[in-house]
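Biologist: Hey, got a minute to walk me through this one? I'd like to start with how the chains meet.
Modeller: Sure, pull it up and ask away.

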2 protein chains.
Amino acid sequence: MQDQTAVRIIIIEDDRTIREGYSFLIGETPGYKIANAYSSAEQALKKLAADQPDLVLLDVGLPGMTGIDAISKIKAILPHVQVLMLTVHESEEIVFRALTEGASGYLTKNSPATKIIESIKELMKGGGSMSANIARLVIRSFQKNVNSPLSRRETQILEEIARGKNRRHIADELFIDHETVKSHIKNIYSKLNVHSRADAIRAAREGKLI
Amino acid sequence: MQDQTAVRIIIIEDDRTIREGYSFLIGETPGYKIANAYSSAEQALKKLAADQPDLVLLDVGLPGMTGIDAISKIKAILPHVQVLMLTVHESEEIVFRALTEGASGYLTKNSPATKIIESIKELMKGGGSMSANIARLVIRSFQKNVNSPLSRRETQILEEIARGKNRRHIADELFIDHETVKSHIKNIYSKLNVHSRADAIRAAREGKLI
DNA sequence: AATAAATCCCCCCGCAAGGGTGATGCCCGG
DNA sequence: CCGGGCATCACCCTTGCGGGGGGATTTATT
């Protein structure tokens, strides 16, 4: 049977209706099978080695250990498993934490069934997948603020500061005197209302100036 | 007619066949219309204000000004226009530059027609969109290296250093003596084979240790 | 028992960092 | 035409941080 080579999927989701819905959906899709389904991360982790899933559908809002914390534990047991977050949470912090922990995809729960199946396929092909609203968050995180109070040169120097360079190194790299660098830094501090490199970096990151 | 309220799209793409293919595809889709099509960014920029597009389909590999450089110039004229990159380039550097410059989506040219239309719809709804291979690049950029030579504490301290904090601040935040911080930093330098904060930050970013 | 991690301690020296004040030339906009 | 932002350079000052050199202890983990 094709079941022998089907992609093995487990689901960790505390809402029974949703869990069974996903199970049915995947069970109906040729080439994919549900290896198991759990209502908590703790239960799933105990059986993970036996289940040998290729992919984990993971909810964020689990009782006990959260889905976020579960990601790294799952990956510690099965390093090559794909983790697809499926959740209502759209806060920036949760999304970015999920991605840094090792999730390969992030879908919001209003996603249509076809999108879920499509995402699973993309992940198994080595791709990534995000809902459009999540993609928007992620893409925005790359973009700088267009209304920066800093001049071009000041921004450039602040970027070097954020790389840990000292005044003399910055001066050498930009072919200017280190006294000039000092002046720029003083102006940057004044504009950002800070008095140290650490505060300048923090202010710059918060305001997406660099 | 619905044409009066249709989403206005312009295409900047030097390959005539592809340009006309997209034009046809969009022209056939209700609610969307091609306001204009250009084979270079320079030409498009001259007419941009008159075209008043809601969305720009932009190729990276244009003759003359590249698509990457065109993004910020387009956004300078029409700040709220959506820019969707449609290209063969998948190099990390180009993808990330496009996103930092302000693109809202990034599709590779092997994308099926339905994916292109779907992405346009998502962008106009305020979402983002990426091909799966691009999404994987982007998601990976958030993830840290699992084989870090640094201990947990060392990683933590290196992160603070990358925020520009000095030894005393780090000590206060972690409730340890500043001499301890110093020792950790010495060990970090030794493990990374560097001799300064700047080099440590560079090495850490390159190796995705932080 | 042995190794790594995390903690703390002392020495040294140089110069980087932050603050103050001021000057020059350039170009833009009112 | 003049003010102001920008970029450049200059000199003065004080503090103490940064990096390098030693070594020691405790805990956890293997």
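Biologist: So how many residues of chain A are in contact with chain B?
Modeller: In this predicted model, 29 residues of chain A are in contact with 29 residues of chain B. Contact here means that the C-beta atoms of two residues, placed from the backbone, lie within 7 Å.

Biologist: Which elements of chain A give two or more residues to that side?
Modeller: Those are α4 (92-101), β6 (129-130), α6 (132-140) and α10 (197-206) of chain A. α6(A) gives the most, with six residues. Helices (H or I, at least four residues) and strands (E, at least two) are DSSP runs, numbered from the N terminus.

Biologist: And how do the residues on that side of chain A divide by class?
Modeller: They divide into 10 nonpolar, 11 polar and eight charged. Nonpolar covers Ala, Val, Leu, Ile, Met, Phe, Trp, Tyr, Cys and Pro, charged covers Asp, Glu, Lys and Arg, and the others, Gly among them, count as polar.

Biologist: Before I go on, what should I know about numbering and confidence?
Modeller: Residues are numbered from 1 along each chain as its sequence is written, and chains are lettered from A and ligands numbered from 1 in the order in which they are written. As this is a predicted model, local features need pLDDT of at least 70 and side-chain atom pairs count only at pLDDT 80 or more, while totals for chains, interfaces and linings use all residues.

Biologist: Good. What rotation superposes chain A on chain B?
Modeller: A rotation of 180 degrees with 0.1 Å of shift along its axis, at an RMSD of 0.1 Å. That is the relation of a two-fold axis. The superposition is by least squares on the C-alpha atoms of residues with pLDDT of at least 70 in both copies.

Biologist: Why say the copies meet through the same surface?
Modeller: Because 100% of the interface residues of chain A are also interface residues in chain B.

Biologist: Switching to the DNA. Which residues come nearest to strand D?
Modeller: A:Ser151, A:Arg153, A:Ile176, B:Asn166 and B:His195, out of 19 residues around DNA strand D. A residue is near a strand if its C-beta atom, placed from the backbone, lies within 6 Å of it. The elements giving two or more residues there are α7 (152-162) and α9 (178-192) of chain A, together with α8 (167-174) and α9 (178-192) of chain B.

Biologist: Which one gives the largest share near strand D?
Modeller: α9(A), with four residues. By class, the surface near DNA strand D has three nonpolar, eight polar and eight charged residues.

Biologist: What about strand C, which residues are closest there?
Modeller: A:Arg167, A:His195, B:Ser151, B:Ile176 and B:Ser183, and 19 residues surround DNA strand C. The largest share of that surface, four residues, comes from α9(B). The residues near DNA strand C divide into three nonpolar, eight polar and eight charged.

Biologist: Tell me about α9(B) then. Which of its residues are buried?
Modeller: B:Val181, B:His184, B:Ile188 and B:Leu192. Buried means that 20 or more other C-beta atoms lie within 10 Å of a residue's own, exposed means 12 or fewer, and partly exposed is in between, with C-beta atoms placed from the backbone. Down the axis of α9(B), those residues fall within an arc of 60 degrees, so they line one face of the helix. The arc is that of the directions from the helix axis to the C-beta atoms.

Biologist: What covers them, and what sits on the face turned away?
Modeller: The cover includes α7, α8 and α10 (197-206) of chain B. The face of α9(B) turned away from the buried side carries the exposed residues B:Glu179, B:Lys186 and B:Ser190.

Biologist: Which residue just after α9(B) takes a positive phi?
Modeller: B:Asn193, at about 60 degrees. Most residues other than glycine have a negative phi. A:Phe175 is another with a positive value, near 55 degrees, in the loop between α8 and α9 of chain A.

Biologist: Is A:Phe175 buried or exposed?
Modeller: Exposed, with 6 other C-beta atoms within 10 Å.
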